[in-house]
Amino acid sequence: MSKTIIVSNRLPLQLSIEDGKVSSEPSVGGLATGLKSVHRDSNGLWIGWTGLTVEETPQELESDIEDAVQNQQCAAVELTQSDMDGFYYGFSNRTIWPLYHYFMEYAEFDSENWEIYKSVNQKFADVVLENLEEGDNVWVHDYQLMLLPQLIKEKRPDVSIGFFLHIPFPSYEVFRTLPWRDQILKGLLGADLLGFHTYDYERHFLSSVSRILGHEVSFNEITYKDRHIKVDSFPMGIDYEKFHAFAKANYEQTDKTQSELQRRLDLHATATPDAKMILSIDRLDYTKGIANRLRAFEHFLEKYPDYTEKVRLVMLAVPSRSNVPQYQVLKKEIDELVGRINGKFSTVSWTPVWYFYRSMPFNNLIDLYTSCDVALITPIRDGMNLVAKEYIATRIDRTGVLILSEMAGASKEMNEALLINPNDINLIADTIKEALEMPEEEQKKRNKYMQKRLERYNVEKWAGDFMTKLDSVKSTQSVAKATYLNEKQETEILERFKNANKRIFFLDYDGTLRGFVNNPGDAKPDQALLEMVKDLQSNEKNEVVVISGRDSVTLGEWFKNVPVTLIAEHGVLKKYYGKDWELTETMNNDWVPTIQPVMQNYVDRTPGTFIEEKNYSLAWHYRKADPELGEQRANDLSNVIRELTSNHGLSVLSGNKVIEIKSSNVHKGKASNNHILNKNYDFIFCIGDDWTDEFMFQDLPEDAVTVKVGVASTAARYYVDDTDHVREVLTKFRQASS
Ligand code: ADP
Ligand code: G6P
């Protein structure tokens with residue numbers, strides 16, 4: 001039976017060696033806690049790191065470790081201490097984590113760490129490939145494994161690969177500062193579906209792909225090599241049922257079954273019935289805004305002294321990444337702040353901040369969630385924040401107030417919370433007061449909406465939606481009408497070619513024989529290309545026609561010493577070798593003075609664009625413009641021109657980063673068909689990359705071998721990856737011709 005393989009740096013279990021025995025603890029952090037239930041309910045496999053390095057693993061305990069891992073349907077990736085230093089503490093948590101959370105000043109760009117990050121991603125890929133069986137899906141998680149999708153895709157292009165990022169994806173302006181930005185994006189594009197918590201992260205990613213890699217992005221789809229890749233947002237949910245059920249059990253428990261923590265919390269509540277408790281829970285991380293939270297609480301106590309002895313902040317900070325210097329500095333800062341506040345405000349019977357720096361068992365977490373009147377969650381940046389959702393899920397009687405930072409992904413779905421800017425200390429202090437004084441009816445009304453939403457879009461639904469989408473992406477990829485030109489098909493086509501006596505090749509130029517460059521004038525044919533075309537033409541059974549949208553002067557100059565037929569300006573002009581250019585149709589240019597100024601206006605307003613004037617057409621090029629602005633203006637311009645030229649026999653062609661206006665009765669399809677008329681070719685090959693070539697694919701006889709460069713919907717019968725692939729195919733014809 002096929003399975004889903006989850007891959008993340010951290011497994012849901014953390015192993016350690018205590019008193020010569022293997023001990024296992026559940027992992028902390030949104031990724032592991034969230035996905036645990038999804039994994040538990042499937043027959044899948046989870047691949048990741050156990051928490052123990054190779055050096056920390058005693059030989060005699062190896063089989064116990066394997067058992068512990070296998071018991072939870074997991075498989076381990078073995079990492080050394082040096083891997084951990086360079087990959088985990090290094091590149092993941094000293095480069096990507098701060099950069100993606102907009103802490104640019106903390107981001108270190110160290111090429112040794114980058115090398116280790118690459119090699120550890122390869123280690124993960126090796127374990128995935130070992131465990132991969134026919135029909136399996138792979139779901140890769142988070143920023144530690146951004147190269148993994150491509151590493152798997154290279155070896156197993158048939159496998160569906162999903163990727164989910166649990167942290168923010170920053171804006172292009174921040175992401176572009178990363179020296180390895182191209183490699184990271186290419187690594188991610190090995191996936192067939194990429195998921196983010198929010199639409200903002202999704203659009204930041206799409207904008208980086210378009211600006212940095214220059215790939216075509218249409219809405220939420222990227223065309224990359226021979227694949228369409230989907231990008232979407234899926235806000236991660238929690239295991240609502242579990243939190244709700246544990247909270248219910250907590251309310252119903254007796255003195256005997258209560259935890260020590262719960263007893264202390266209850267004691268506090270009965271001793272001071274008017275006093276309220278505010279909860280703060282996070283990993284000790286600088287992104288979580290813990291210091292600002294303490295400062296805001298301090299300001300609150302100063303501003304509203306009536307609350308002395310009437311409110312307590314219960315703060316749980318879970319130790320995290322303590323080998324990274326910024327986390328050590330933060331720990332010290334928090335210790336000092338707690339000390340200062342308690343020193344300043346404590347009375348004989350009251351300490352304003354209860355501070356725990358440790359991990360806690362799940363039932364204690366529930367004790368805290370259910371006992372506190374307010375949850376104060378104020379991250380400076382946070383991909384999602386599950387604690388906010390968990391707090392709401394545990395409020396059985398629907399009381400309780402959530403104060404939530406608008407910089408957390410969760411704020412997008414939790415509008416009924418009191419949303420704050422985490423840098424506005426005064427606002428947080430005032431909001432604490434508002435929360436403490438909020439009438440119960442109001443609390444219940446707000447929580448009801450949030451609970452309903454959390455219950456409906458729980459973690460199971462989240463994972464289910466992602467996997468359904470992944471399946472649908474894969475199935476639409478495989479039903480693309482054109483067939484990929486692989487070796488088997490090439491051999492069949494070559495066989496037909498060899499058996500034919502009168503053969504013709506229609507070759508488009510830009511995007512087919514030659515890759516795109518920023519300045520069209522720089523796309524001259526290289527020597528290897530000229531030699532290949534010459535050789536192909538030198539066989540007397542072959543005829544080569546270069547058919548392009550280029551103007552006749554440029555095309556004539558580039559191919560002046562090559563004995564081929566040239567068709568320029570999308571079919572307007574034709575030239576046999578050694579002869580002059582001839583018009584294929586009667587043409588006129590009297591529309592140019594009307595259209596030219598309109599186009600010029602778009603050039604003036606869109607930096608990086610220009611007009612190319614041909615004999616019988618005008619082309620507006622926008623390859624060098626900002627990609628998003630370029631697309632927007634191109635859309636605008638074609639609409640404006642369509643309106644102006646209706647009923648004037650003109651057509652507006654949208655090519656690859658170019659809009660072209662020309663007489664509508666001429667196109668490449670008509671030109672190529674006229675060319676072969678009454679000549680009895682028994683092998684017709686036609687290759688092109690853009691919209692203007694579709695006319696040929698449609699109009700040429702049915703038995704023609706029509707080939708599209710790149711993936712897009714097309715009337716061609718076959719498609720190839722890119723211009724390198726075009727040359728490989730033509731080289732085979734050349735060899736078969738000699
Ligand atoms: P992050 O993923 O950045 O750590 P989240 O709020 O998204 O932040 O996720 C934190 C997860 O860790 C939550 O599911 C929470 O229940 C869990 N958690 C937080 N504190 C503890 C703790 N002390 N012990 C066990 N689990 C914890
Ligand atoms: C965040 C990250 C996870 C990570 C978790 C705990 O939720 O998105 O990938 O596992 O924090 O961090 P740690 O470094 O302990 O794995």
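In this predicted model, helix H14 (386–393) provides the largest share of the shell around ligand 1, namely 3 residues. At least two shell residues each also come from helix H1 (30–40), strand S12 (276–283), strand S13 (311–318) and helix H13 (362–371). The shell around ligand 1 comprises 18 residues, of which Gly 30, Thr 33, Arg 283, Lys 288 and Glu 390 come nearest. By class, these shell residues divide into 9 nonpolar, 5 polar and 4 charged.

Polar side-chain atoms approach oxygen atoms of ligand 1 at several positions. For Thr 33 the distance to a ligand oxygen is 2.8 Å, and for Lys 288 the distance is likewise given as 2.8 Å. A polar atom in the side chain of Glu 390 is placed 2.5 Å from an oxygen of ligand 1. Of the 560 Å² of accessible area that ligand 1 has on its own, the protein covers 89%.

The surroundings of ligand 2 consist of Arg 10, Val 28, Gly 30, Leu 31, Tyr 88, Asp 142, Tyr 143, Gln 144, His 166, Ile 167, Arg 283 and Arg 321. This shell has 5 nonpolar, 3 polar and 4 charged residues. Gly 30 and Arg 283, listed here, are also among the residues that come nearest to ligand 1. Side-chain N or O atoms lie 2.5 Å from an oxygen of ligand 2 in the case of Asp 142, 2.7 Å in the case of Arg 321 and 3.5 Å in the case of Arg 283. On its own, ligand 2 has 380 Å² of accessible area, and the protein covers 90% of that area.

Apart from the ligand shells, helix H2 (residues 62–71) has Ile 65, Ala 68 and Val 69 as its buried residues. Viewed down the axis of H2, these residues fall within an arc of 95°, and they therefore line one face of the helix. Gln 70 and Asn 71 are exposed on the other side of H2. The cover over the buried residues of H2 includes strand S2 (13–18), strand S3 (21–26) and strand S5 (74–76). Gln 73, just after H2, adopts a positive phi of about 55°.

Glu 416 is located in the loop between strand S16 (401–405) and strand S17 (418–420). Its relative accessibility is 18%, so Glu 416 counts as buried. When residues up to four places away in sequence are not counted, Glu 416 touches Arg 446, Tyr 449, Met 450 and Arg 453.

Terms used. Residues are numbered from 1 along each chain as its sequence is written. Chains are lettered from A and ligands numbered from 1 in the order in which they are written. This is a predicted model: local features need pLDDT of at least 70, side-chain atom pairs count only at pLDDT 80 or more; totals for chains, interfaces and linings use all residues. Side-chain values use heavy atoms; hydrogens and water are left out. Buried means under 20% relative accessible area, exposed over 50%, partly exposed in between (1.4 Å probe, protein chains only). Helices (H or I, at least four residues) and strands (E, at least two) are DSSP runs, numbered from the N terminus. The arc is that of the directions from the helix axis to the C-beta atoms. Contact means heavy atoms within 4.5 Å. A residue is near a molecule or strand if one of its heavy atoms lies within 4 Å of it. A polar contact is a pair of N or O atoms within 3.5 Å; within protein, one must be able to donate a hydrogen and the other to accept it, and residues adjacent in sequence count only if both atoms are side-chain atoms. Accessible areas come from the Shrake-Rupley method with a 1.4 Å probe; for residues, only the protein chains shown count as cover. Ala, Val, Leu, Ile, Met, Phe, Trp, Tyr, Cys and Pro count as nonpolar, Asp, Glu, Lys and Arg as charged, and the others, Gly among them, as polar.
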